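Visitor: I've got a protein open on my screen and a few "how do you know" questions for you. Can we walk through it together?

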Amino acid sequence: MAAESWRKQMYLLWSVFVFWTPLCWGRPDPQQRQALLQQEVIREVGGSVVLNDKEKLLNQKLHQLKLQEMELPEFPPAMHFFKAKPLIEQSAVFSFLQKMPKGAALHVHDFALVGVEWLVKNVTYRENCYVCFTDDNSVRFLFSTGKPKYKEHCSTWTLLKTLRLNLNSTELDNSFIRNLTLFTEDPDKAYPNQDVVWKRFEQAFLVAYGLVTYAPVFKDYFYEGLRQFYMDNIIYLEIRALLPPTYELDGRRNSRDWSLRTCQKLLQQFRAQYPDFLGARVIFTVHRGLNLTEAVKAVEEAMTLQRNFPDIIAGFDFVGREDTGRPLWYFRDALEVPEKQGIYLPYFFHAGETDLEGTDVDQNLMDALLFNTSRIGHGFAITRHPVVKELARKMDVALEVCPISNQVLKLVSDMRNHPAAVLMAEGQPMVISSDDPALFGATALSHDFYQAFMGFGGMRSNLATLKELVINSLRYSSLSPAEKDKAITALLVKWDKFVSESLLQTFW
Ligand SMILES: *[C@@H]1O[C@H](CO)[C@@H](O)[C@H](O)[C@H]1NC(C)=O
Ligand SMILES: *[C@@H]1O[C@H](CO)[C@@H](O)[C@H](O)[C@H]1NC(C)=O
Ligand SMILES: *[C@@H]1O[C@H](CO)[C@@H](O)[C@H](O)[C@H]1NC(C)=O
Ligand SMILES: *[C@@H]1O[C@H](CO)[C@@H](O)[C@H](O)[C@H]1NC(C)=O
Ligand SMILES: *[C@@H]1O[C@H](CO)[C@@H](O)[C@H](O)[C@H]1NC(C)=O
Ligand SMILES: [Zn+2]
């Protein structure tokens, strides 16, 4: 035994001598040093992107700009987004990123697309809008011809128009805005832990629910959502949608098919108005609190929707907090239904949005891949699972990294410590997305790009990183190979135009 360990030690010593001499004796060989640095560069996201002359010039200017902003006394990615936001909005890097064509937003939820100001200032001012006040300091809205029936844990319904006569409208509107977002002056105090912040998060969805499921509002909301994303230089979206029934003034309910037909029509209208917009698809989602019987039904429903609306339905996913919901493995009998019937229903699972290392929930990442997921929503925990990480890479399954969401929902506080810093350095397939921008008070995608570029990208992320991330957003979309080629070509035309125009701009 002792002899063996001695031999091992000698071997180690010998191998150090043979392989690392230049590193251990005196000054390291500068060429070797350069070669090692280069090896790291090649591995990172964007490492194999070759920039043309114009892009190289732009990259230099961007690097300078970044250096300047890194030296400012306050570094926004190190702060909570609610405090960082006004600083970010003064940043020249941010305005550069706003103008940058960003391709697609692949991880966003249906009722978190439109800035809540629009909901309050436009939607709640419409006729027949009723409000009630819940026991737990929240509100609910409902459109109705007559006074709606009593709702549990809520005051009697009041016509908002009448209420506005007696109350200060500005103050009332501000309180509605607070109900619809997570924004608060002192987030650390308001949200001491994940339980508290998730409770408020789910409540904000309920506040929006009565507004956005009113059929006429549903239409305007979807259209306005597309418009806000388009204005943030996004040309394509994949929206995770619960597709709840919408309702009419008399209480009649419309089916899921109605919602999808409506989305199809609105997309046509939108593309007629903005011809360079490519479109949007829906990932049908259900809550991960469902039981198995309900989940089987939901998967069957997803298959039916996919059959009837193949152009708009991209696939299926579960939503809701992973830590308190059911793990994917629980749903295995439901998830195997399509394959048993010889049907391919693409999955886009949220997985690894957790820090409960080693629990059943923590296995979602692996199970998502075993069920052949097309992408992984978040994948925040993946650096703790080297095998899963390698598997994701082999299968070319991209992570949808949503920096601001992870920070607000308390998985990370300083963006420089986001696991995506490691993943980016290793060149793990990824896209940047925004999850629920309306609830966080963020723009469609620009704020999240800022966090990725300045926060976990650090000084090494550059124009090549951005270009790869932007191309990834279409490469990892659910579009067919032919559609992807077309989309990427269209994106690159916009990109080149952006590069030329930026060189003439005055950010610098
Ligand atoms: C509300 O939004 C709709 C649809 O986007 C628009 O047509 C209408 O003019 C807006 N109304 C107000 C008062 O802003
Ligand atoms: C929600 O709005 C109600 C009514 O104006 C208000 O009393 C309550 O404080 C608001 N809740 C939050 C969390 O801001
Ligand atoms: C309503 O409240 C706002 C903000 O508190 C205040 O500035 C404004 O003067 C008030 N308006 C009226 C009519 O009282
Ligand atoms: C699943 O949930 C449904 C509806 O909530 C309920 O009727 C059913 O009994 C549940 N099934 C199981 C197996 O728990
Ligand atoms: C797995 O997913 C890929 C695309 O992500 C698809 O082409 C393939 O058919 C799927 N395989 C099965 C068995 O579902
Ligand atoms: Zn999500």
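**Reading the model**

Guide: Sure, let's start with I376, which lies in strand β9. Keep in mind that this is a predicted model.

Visitor: What makes I376 count as buried or exposed?

Guide: Buried means under 20% relative accessible area. I376 comes in at 0%, so it counts as buried.

Visitor: Which residues does I376 touch, leaving aside neighbours within four places in sequence?

Guide: I376 is in contact with F349, A351, L365, L369, V397, A398, L399 and E400, once those neighbours within four places are left aside. Take A398: it sits 22 residues from I376 along the chain, and their C-alpha atoms are separated by 6.3 Å.

Visitor: Staying in strand β9, what is unusual about the phi of H378?

Guide: Its phi is positive, about 75°, and H378 is not a glycine. Most residues other than glycine have a negative phi. H378 is in strand β9, and its relative accessibility is 3%. The cut-off for buried is under 20%, so H378 counts as buried.

Visitor: And N372, how do you know whether it is buried, exposed or partly exposed?

Guide: Partly exposed is the range between the 20% and 50% cut-offs. N372 has a relative accessible area of 43%, so it is partly exposed. This residue is in the loop between α16 (364-370) and β9 (375-378). N372 also has a positive phi, about 60°, although it is not a glycine.

Visitor: Why is V282 called buried?

Guide: Its relative accessibility is 4%, and the limit is under 20%, so V282 earns the label. You'll find V282 in strand β6 (residues 279-287). Not counting residues up to four places away in sequence, V282 touches I239, A241, L243, L260, I312, I313, A314 and G315. For Y191, the C-alpha to C-alpha distance from V282 is 31 Å, with the two positions 91 residues apart in sequence.

Visitor: D232 is in a loop, so what makes it count as buried?

Guide: The label depends on the area: D232 has a relative accessible area of 5%, against a limit of under 20%, so D232 is buried. The loop in question runs between α11 (215-231) and β5 (236-241). D232 touches Q98, K102, T443, A444, L445 and S446, again not counting residues up to four places away in sequence. P419 is 187 residues from D232 along the chain, and their C-alpha atoms are 26 Å apart.

Visitor: Zooming out, how many helices and strands does the protein have?

Guide: There are 23 helices and 11 strands. The radius of gyration is 25 Å, close to the 23 Å from the globule rule for 508 residues, so the protein is as compact as a globular protein of that length. Its C-alpha atoms fill a box of roughly 85 × 55 × 50 Å along the principal axes, and 54% of the 508 residues count as buried.

Visitor: What domains does the assignment give?

Guide: Domain 1 is 1-18 + 29-43, domain 2 is 95-112 + 220-496, and domain 3 is 118-198. The centres of domain 1 and domain 2 are 42 Å apart, taken over C-alpha atoms.

Visitor: And how are the charges placed?

Guide: The protein has 56 positive and 60 negative side chains, with the centres of the two sets 2 Å apart.

Key:
Residues numbered from 1 in each chain as written. Chains lettered and ligands numbered in written order. Predicted model: local features only at pLDDT ≥ 70, side-chain atom pairs only at ≥ 80, totals over all residues. Heavy atoms only, no water. Helix = DSSP H or I, 4+ residues; strand = E, 2+ residues; numbered from the N terminus. Rg over C-alpha atoms; globule rule 2.2 N^0.38 Å. Buried < 20%, exposed > 50% of the residue type's maximum accessible area, 1.4 Å probe, protein only. Lys, Arg positive; Asp, Glu negative; His and termini not counted. Charge placed at Lys NZ, Arg CZ, Asp CG, Glu CD. Domains from an automatic or database assignment. Contact = heavy atoms within 4.5 Å.
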